[in-house]
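Student: Please pick out one part of this protein and go through it closely with me. I'd like to hear about the pairs of charged side chains.

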Amino acid sequence: MPGPLLAAAGGGPLARTIRAKLTEALQPTHLEVRDDSPRHGGPPGAETHFGVLVVSGRFAGLPLLQRHRLVHEALRAELAGPLHALQVIARTPQQWESDPHAPPAPPCLGGSKREQRRRDREEEEAAPGQQ
């Protein structure tokens, strides 16, 4: 089994805040914070999309929804502000020991509201008079 990992203090300010808050709230034995923002078309350094893998004894006996709620509660201020999307993997130490692999990050399903408006305009222009 891999030893405890508390991801290095690298990353931008939001990544460091996420790491610090989850460490304080959940005392994880393993923590990975992944900044997925560049995959979502934001400007460099945007820090808007993250994935976290948290392994904590605090999750023992809790259903997945309750585990996610603990993570979200710890990051309440960030989720209300700069953090737009958060993928959460929350496991107990026993679960992590039996399978110490994180699933791959989900693909970006696309675009901003601006891109959606552009697609809508293009569809309207391609089919004039059909409403």
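Tutor: Let's start with the key term: a salt bridge is a side-chain nitrogen of Lys or Arg within 4 Å of a carboxyl oxygen of Asp or Glu. The model is predicted, so local features need pLDDT (the predictor's confidence in each residue, from 0 to 100) of at least 70, side-chain atom pairs need 80 or more, and totals for chains, interfaces and linings use all residues. Numbering starts from 1 along each chain as its sequence is written, and side-chain values use heavy atoms, leaving out hydrogens and water.

The structure holds 3 salt bridges. Take Glu 78 and Lys 21, whose closest N and O atoms sit 2.8 Å apart. This pair ties together distant parts of the chain, since Glu 78 is in helix α3 (residues 76-80) and Lys 21 is in helix α1, 57 residues apart. (Helices are DSSP runs of H or I, at least four residues, and strands are runs of E, at least two, numbered from the N terminus.) Glu 78 counts as buried, at 8% relative accessibility, while Lys 21 is partly exposed at 30%. Buried means under 20% relative accessible area, exposed over 50%, partly exposed in between (1.4 Å probe, protein chains only).

Next come Asp 36 and Arg 34, with their closest N and O atoms 2.7 Å apart. Here Asp 36 is the buried partner, at 7% relative accessibility, and Arg 34 is partly exposed at 29%.

Then there's the bridge between the side chains of Glu 73 and Arg 76, at 2.5 Å from N to O. Glu 73 is partly exposed, with 46% of relative accessible area, and Arg 76 is exposed at 52%.

Now for a charged residue that goes without. Arg 91, in strand β4 (residues 85-91), is buried yet has no salt bridge. Its nearest side chain of opposite charge, Asp 99, is 4.5 Å away. Instead, a polar atom of the Arg 91 side chain lies 2.8 Å from the backbone oxygen of His 101.

Back in helix α1 (residues 13-26) you'll also find Glu 24. Glu 24 is exposed, with a relative accessible area of 65%, and its C-alpha atom is 8.7 Å from that of Ala 74, 50 residues away along the chain.

How much of the protein is buried? Buried residues make up 28% of its 131 residues. As for layout, the protein has 5 helices and 4 strands, running β-α-β-β-α-α-β-α-α from the N terminus on. Average pLDDT is 83, and 76% of the residues score at least 70.

Conventions
Lys and Arg count as positive and Asp and Glu as negative; His and the chain ends are not counted. A polar contact is a pair of N or O atoms within 3.5 Å; within protein, one must be able to donate a hydrogen and the other to accept it, and residues adjacent in sequence count only if both atoms are side-chain atoms.
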